[in-house]
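Open the model in your viewer and keep the selection box at hand. This tour goes stop by stop.

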Amino acid sequence: VDFNKKIEYRQVDFYYHKNEPVLHDINLIIEKGKTIALVGASGGGKSTMVDLLPRFYDPIKGQILIDGIDIRQYRLTDLRGLMGIVTQQAILFNDTIYNNIAFGCNDVSEAAVLRAAKIAHAHEFIIETQNGYQTTIGDQGLKLSGGQRQRLGIARALYGDPTVLVMDEATSALDTSTEAAVGAAIR
């Protein structure tokens, strides 16, 4: 999958329950290299719009296109390989910090793990843990604070230097100064 120009939501409708639309006739163009933010009330469909891009769900009507090609034409692994995705709840495993950052990646590079952790402002707290990057964090990262879990989720999303970075309230558990620092580092 190549991404050179734009992502387009074209007349997208979606609903979880029949006759209860969550999204109706959404038209949006996201130019490559641009940052957009979806703002609105809880339950307004922001997360649903985000979840449609990696095809966690497919639109009921309309299309989502990358450079004019409907994303349903791509293999899921190829489509999702373009993306680093950070969800509202970081999905972490009862494994080491290192393995959580590099999860799902082939040819793991220690330098890339460190780089991603530094961009996510996680490196500082990681090296203060008992075993640094080899510290086991417990199921769902229960041995970490909410902000630390989110920073590991961000580091994982950044690890492969994705073409598209999708963040769904990815910094909600971070304090204001850390959120600003993470945003600046990502940019």
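A residue counts as exposed when its relative accessible area is over 50%, as buried when that area is under 20%, and as partly exposed in between. Take Asp161 as a test case: its relative accessibility is 56%, so Asp161 counts as exposed. Keep in mind throughout that this is a predicted model.

**Stop 1: the whole chain**

Show the protein chain as a cartoon. How many helices and strands are there in the protein chain? There are 7 helices and 6 strands. Follow them from the N terminus, and the order reads β-β-α-β-β-α-β-α-α-α-α-β-α. The radius of gyration is 17 Å, and the globule rule gives 16 Å for 187 residues, so the protein chain is as compact as a globular protein of that length.

Now draw a box along the principal axes. The C-alpha atoms fill roughly 50 × 35 × 30 Å. Switch to a surface view. The accessible surface of the protein chain is about 10600 Å², and carbon and sulfur atoms hold 47% of that. Of the 187 residues, 41% count as buried. Take the contacts with a separation of 6 or more: 62% of them join residues 24 or more positions apart.

**Stop 2: Lys5 and the start of the chain**

Select Lys5. Lys5 sits in the segment before strand 1. Is Lys5 buried or exposed? Its relative accessible area is 60%, so Lys5 is exposed. Leave out the neighbours within four places in sequence, and Lys5 is in contact with Ile30, Glu31, Lys32 and Asp67. Add Gly33 to the selection. Lys5 and Gly33 are 28 residues apart in sequence, and their C-alpha atoms are 8.7 Å apart in space.

**Stop 3: two positive phi angles**

Move along to Asn19. You will find Asn19 in the loop between strand 1 (6-17) and strand 2 (20-31). Its phi is positive, about 65°, although Asn19 is not a glycine. With 67% relative accessibility, Asn19 counts as exposed.

Next, return to Asp161. Where is Asp161 found? Look in the loop between helix 6 and strand 6 (164-167). Asp161 also has a positive phi, near 50°, and is a residue other than glycine.

**Stop 4: Glu110 on helix 4**

Select helix 4, residues 110-119; Glu110 is found there. Glu110 has 54% relative accessibility and therefore counts as exposed. Then pick Tyr98. The C-alpha atoms of Glu110 and Tyr98 are 8.5 Å apart, with the two positions 12 residues apart in sequence numbering.

**Stop 5: Ile137, inside**

Select Ile137. Its place is the loop between helix 5 (123-128) and helix 6 (146-159). How much relative accessible area does Ile137 have? The value is 0%, so Ile137 is buried. To see what surrounds this residue, leave aside the neighbours within four places in sequence. Ile137 is then in contact with Leu92, Phe93, Asp95, Ile97, Asn100, Leu142, Lys143, Leu144 and Leu152. For a distance check, add Asn99. Ile137 and Asn99 are 38 residues apart in sequence and 10 Å apart in space, C-alpha to C-alpha.

**Stop 6: the second largest pocket**

Turn to the open spaces. Rolling a probe the size of a water molecule over the atoms shows where empty space is left. The second largest pocket has a volume of about 660 Å³. Its lining has 23 residues. Which of them lie nearest its centre? Select Met83, Ile85, Phe103, Arg156 and Ala157. Strand 5 and helix 6 each supply at least two lining residues. Colour the lining by class: 12 residues are nonpolar, 9 polar and 2 charged.

**Stop 7: the cavity**

End with the enclosed space. The structure holds 1 cavity of 30 Å³ or more. The volume of the largest cavity is about 30 Å³. Select its lining: Val50, Asp51, Pro54, Phe56, Ile85, Val86, Thr87 and Asp168. Which elements give two or more residues to this lining? They are helix 1 (46-52) and strand 5 (83-86). By class, the lining of the cavity has 5 nonpolar, 1 polar and 2 charged residues. Keep Ile85 selected for a last look: Ile85 lines the largest cavity, and Ile85 is also among the residues nearest the centre of the second largest pocket.

Key. Residues are numbered from 1 along each chain as its sequence is written. This is a predicted model: local features need pLDDT of at least 70, side-chain atom pairs count only at pLDDT 80 or more; totals for chains, interfaces and linings use all residues. Side-chain values use heavy atoms; hydrogens and water are left out. On a 1 Å grid over the protein atoms alone, a cavity is a set of points where a 1.4 Å probe fits but cannot get out, and a pocket is an open set with protein on both sides within 12 Å along at least five of seven lines; lining residues have an atom within 4 Å of a point. Grid points are joined across faces, edges and corners, and a volume is the space filled by probe spheres set on the points. Helices (H or I, at least four residues) and strands (E, at least two) are DSSP runs, numbered from the N terminus. Ala, Val, Leu, Ile, Met, Phe, Trp, Tyr, Cys and Pro count as nonpolar, Asp, Glu, Lys and Arg as charged, and the others, Gly among them, as polar. Buried means under 20% relative accessible area, exposed over 50%, partly exposed in between (1.4 Å probe, protein chains only). The radius of gyration is taken over C-alpha atoms; the globule rule is 2.2 Å times the number of residues to the power 0.38. Contact means heavy atoms within 4.5 Å. Accessible areas come from the Shrake-Rupley method with a 1.4 Å probe; for residues, only the protein chains shown count as cover.
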